[in-house]
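Dear colleague,

I am handing over the structure we discussed, and below it you will find my notes on what turned up when I went through it. Please read them with the structure open beside you.

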Amino acid sequence: MATMLDRLARPLQDLRISLTDRCNFRCTYCMPKEVFGPGYRFLGRHEVLTFEEIERVVRTFASLGATKVRLTGGEPLVRRGVEDLVARLSAVDGVADLTMTTNGSLLRQKAAALAAAGLRRITVSLDSLDDATFQAMNDAGCGVATVIDGIEAALEAGLAPVKVNAVVRRGVNEDGVVALAERFRGTGVTIRFIEYMDVGESNGWRLDEVVPAQEIVDRIGAVWPLEPVGRSTPGEVAARWRYSDGSGEIGVISSVTQPFCGACSRARISAEGKLYTCLFAADGHDLRAILRSGADDAELADRIRAIWLRRSDRYSELRSTATPGVRKVEMSHIGG
Ligand code: SAM
Ligand code: SF4
Ligand code: SF4
């Protein structure tokens, strides 16, 4: 199959699908309670893509060259029957890598079923090992032990490798970075620290709350020397560092201080079936309307191909000069 390149010569390789806009957490940097409170109107049952529709979308993207699929949200594990969807998607030809990003709170209940359904590996978000800090960040009363237990359940179920994501916010959890590194050093679990991003319109993002990736590497490297490892694939977002003593790796995702738009090979689909060609896009392309219009697979593929060929997004590289006043999609809609 010929590789499909966008206007900046980037191939379509990865697909991220948000299974729901709902979540059992209210992380202050993603779904702050003041915005996502009782009055917030989440998508209704008929507004979200069905499993059949998601499978069709994944088959079509796979036919266009996407080999990696990540299920996300909102919280993907609050979508009922998620393991049935995993079973469907793991059988799609061309999908070499099927994974999920979760907050881990329901993983103890779900890990074995997900593994049995064909999920290979998983990423769990955990921002702090300090209970007070973590609870202040998730704002839903979930303790650290629940997520750690979820990570253990994933390991027991054979979902390997397990990765852990931590968003680092200046003055909030930055002082816990070394403890997080220490917890997973030598365990085979790779922790990746993510610069706090200005996604969406709800989190009141400020540049001075971003802890640069290099600072994180310096802090950890001062305790356990680190050396850089090359990115394993061109589209990989995390810069990898390994402990010089052989105790494994960490990753840093420097989307703010060192943007990587030049290698961005991702398409994102919201729970309601909109295709976004950038995490910071203001609006998406309505695939659900195409799916529900009776279009056949060839037509769906043509529409997606046309969107990708026109793509020229590079928000993070333009961030400093980006047009103010343009509303961006929320992270909980497209899943990071
Ligand atoms: N609920 C799942 C979870 O938290 O893992 C999946 C969806 S969540 C939107 C995906 C990832 O985006 C999480 O690792 C989360 O920490 C990260 N994230 C959310 N808001 C962010 C922000 N403003 N900056 C950087 N990362 C963010
Ligand atoms: Fe929910 Fe994940 Fe957003 Fe936290 S980061 S509010 S767990 S979707
Ligand atoms: Fe990709 Fe947009 Fe992020 Fe750049 S800003 S890396 S184009 S999602």
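In what follows, two residues are in contact when heavy atoms of theirs lie within 4.5 Å. Please also keep in mind throughout that this is a predicted model.

With that meaning of contact, and leaving aside neighbours within four places in sequence, Leu 43 is in contact with Asp 21, Arg 22, Val 48, Ala 271 and Glu 272. Leu 43 lies in the loop between E1 and H1, and it is buried, with a relative accessible area of 9%. Leu 43 and Arg 311, by comparison, are separated by 268 residues in sequence and by 27 Å in space, taken from C-alpha to C-alpha.

Next, the ligands. The residues that surround ligand 3 are Arg 10, Phe 260, Cys 261, Cys 264, Arg 268, Cys 278, Leu 279, Phe 280, Asp 313, Arg 314, Tyr 315 and Ser 316, and by class this shell divides into seven nonpolar residues, one polar and four charged. Around ligand 2 the residues are Cys 23, Phe 25, Cys 27, Cys 30, Met 31, Gly 74 and Asn 103, a shell with five nonpolar and two polar residues but no charged ones.

Turning to the helices, H2 spans residues 82–90, and its buried residues are Val 82, Leu 85, Val 86 and Leu 89. Seen down the axis of H2, these buried residues fall within an arc of 105 degrees, so they line one face of the helix. That pattern fits the general rule that an α-helix has 3.6 residues a turn, so residues three or four places apart point the same way. As for what covers the buried residues of H2, the cover includes helix H1 (51–63), strand E2 (68–72), strand E3 (97–102) and helix H3 (107–117). Within helix H1 you will find Glu 55, which counts as buried at 18% relative accessibility, because buried means under 20%. Not counting residues up to four places away in sequence, Glu 55 touches Arg 88, Leu 89 and Val 92, and Leu 89 is one of the buried residues of H2.

How many aromatic pairs does the structure hold? There are five of them. In one, the rings of Tyr 40 and Phe 42 have their centres 4.7 Å apart and their planes at 65 degrees, so the pair is edge-to-face. Tyr 40 counts as partly exposed at 24% relative accessibility, whereas Phe 42 is buried, with a relative accessible area of 14%. In another, the centres of the Trp 224 and Tyr 243 rings lie 6.1 Å apart and their planes stand at 90 degrees, so this pair is edge-to-face. The pair of Trp 224 and Tyr 243 links distant parts of the chain, with Trp 224 in the loop between helix H7 (213–223) and strand E7 (226–229) and Tyr 243 in strand E8 (residues 239–243), 19 residues apart. Trp 224 counts as buried at 14% relative accessibility, and Tyr 243 counts as buried at 2%. The ring of Tyr 243 also has the charged end of Arg 185 sitting over it, 4.7 Å from the ring centre. Returning to Tyr 40 and Phe 42, these two form one aromatic cluster together with Phe 36.

Some points of the backbone deserve a look as well. The peptide bond that runs from Ala 160 to Pro 161 is cis, with omega near -5 degrees, and Pro 161 is found in the loop between helix H5 (144–156) and strand E5 (162–168). Gly 158 lies in the loop between H5 and E5 and is partly exposed, with a relative accessible area of 47%. Gly 158 and Ile 17 are 141 residues apart in sequence and 23 Å apart in space, C-alpha to C-alpha.

Positive phi values in residues other than glycine appear at Ala 9, where phi is near 65 degrees, and at Asp 139, where phi is near 50 degrees. Ala 9 is found in the segment before strand E1 (14–18), while Asp 139 has its place in the loop between helix H4 (131–138) and H5 and counts as partly exposed at 26% relative accessibility.

With best wishes

How values were computed:
Residues numbered from 1 in each chain as written. Chains lettered and ligands numbered in written order. Predicted model: local features only at pLDDT ≥ 70, side-chain atom pairs only at ≥ 80, totals over all residues. Heavy atoms only, no water. Near = heavy atom within 4 Å. Nonpolar A, V, L, I, M, F, W, Y, C, P; charged D, E, K, R; others polar. Buried < 20%, exposed > 50% of the residue type's maximum accessible area, 1.4 Å probe, protein only. Helix = DSSP H or I, 4+ residues; strand = E, 2+ residues; numbered from the N terminus. Arc of directions from axis to C-beta. Phe/Tyr/Trp six-rings, centres within 6.5 Å; stacked < 30°, edge-to-face > 60°. Lys NZ or Arg CZ within 6 Å of the ring centre and 35° of its normal.
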